[in-house]
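Please open the model in your viewer and keep the sequence panel beside it, since each stop on this tour begins with a selection.

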Amino acid sequence: MNTHKNLQTRTDQELIHEFISGYQPCLEVLIARHKSKIYTSIYLLVKDSYLAEDIFQETFIKVIHTLQAGKYNEEGKFLPWVIRIAHNLVIDYFRKQKRNPVITNVDGFDIFDVIQFYDEPLENMMIREQSHQDLKRMIQLLPTEQKEVLIMRHYGDLSFKEIADITGVSINTALGRMRYALNNLRKMMVSPVLVNK
Amino acid sequence: MNKFQTHQTKHAICTNRLEVADGHLLAAEDQLLLTALKPRLDQLMREPSEDVLCTILAYAELL
């Protein structure tokens, strides 16, 4: 008999098989396992938590449809596949925005930024928060192509080949974008304007 | 000596979760920067709200 604890030890492939066979709790475990990486990958690209949630939801609706239609490619890894779907939806969103530009409020406040470290002394909390905001700002300043590679590499655990496939470029281009992203981060880290802002 | 140092470097790369199999394609200094950034990138990790997760699971049950 399957219990939730048992399911935690299953591989992604095993969970997918059982979900396709009709055992719903497997989907919950799959989502719980990968939700942070997928959501963060979307959020850092769109910079809006409400929009990121919409795209996250749409991503999993596509995942569910594809799995239930038996169209999931067994050879691929689950996380890179979901990140690819999410990335395509982000691109679709930006394309639509370009066609129909609207003024939106990008939310800059997240309650979890405030309550996440409440057990720490205030000074530590402020230093940590500063560092957190600095890196977030630096990533946001990167050109989209460079940001994508960094995000997919770190949060999606994707190989450069997979990143190249998803973004439709050669491996060399993906590697070059990563090098530029890291070089730009290096420059920003020593820039007094950014560090002391 | 050189051989040993090379082995050590490769071992360090292979055991680092951040560096997937093709991490060696990046220059050593870039690999080091990525490794140094890892804890800070992990700190940026966020989660979707429970509402969104419930909506997805409810949708899956409807199908």
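The stops below go from the chains to their contact and then to single helices.

Before selecting anything, note that this is a predicted model, in which local features need pLDDT of at least 70 and side-chain atom pairs count only at pLDDT 80 or more, while totals for chains, interfaces and linings use all residues. Residues are numbered from 1 along each chain as its sequence is written, and chains are lettered from A and ligands numbered from 1 in the order in which they are written.

Begin with chain B, which has three helices and zero strands (DSSP runs, numbered from the N terminus, of H or I over at least four residues for helices and of E over at least two for strands). Along the sequence these give the pattern α-α-α. Of the 63 residues in chain B, 17% are buried, a residue being buried if 20 or more other C-beta atoms, placed from the backbone, lie within 10 Å of its own.

Now colour chain A by domain, with domain 1 at 1-107 and domain 2 at 109-197, bounds that come from an automatic or database domain assignment. Where the two domains touch, domain 1 of chain A gives 13 residues and domain 2 of chain A gives 14 residues, contact meaning that the C-beta atoms of two residues, placed from the backbone, lie within 7 Å. On the domain 1 side, the elements giving two or more residues are helix H3 (25-46) and helix H5 (78-99) of chain A.

Next, show both chains together, where 31 residues of chain A are in contact with 27 residues of chain B. On the chain A side, H3, helix H4 (49-68), helix H7 (122-141), helix H9 (160-167) and helix H10 (171-190) each give two or more residues, and the largest share, eight residues, comes from H3(A).

Keep H3(A) selected and add helix H2 (residues 12-20) of chain A, which packs against H3(A) at an angle of about 145 degrees with the axes 8 Å apart; here axes are lines fitted to C-alpha atoms over the stretch in contact, and angles run from 0 to 180 degrees between N-to-C directions. Asp12(A), Leu15(A), Glu18(A) and Phe19(A) in H2(A) meet Cys26(A), Leu27(A), Val29(A) and Leu30(A) in H3(A).

Finally, select H5(A), whose buried residues include Leu79(A), Val82(A), Ile83(A) and Val90(A). The buried residues of H5(A) pack against H3, H4, helix H8 (144-156) and H9 of chain A.

How values were computed:
A residue is buried if 20 or more other C-beta atoms lie within 10 Å of its own, exposed if 12 or fewer, and partly exposed in between; C-beta atoms are placed from the backbone.
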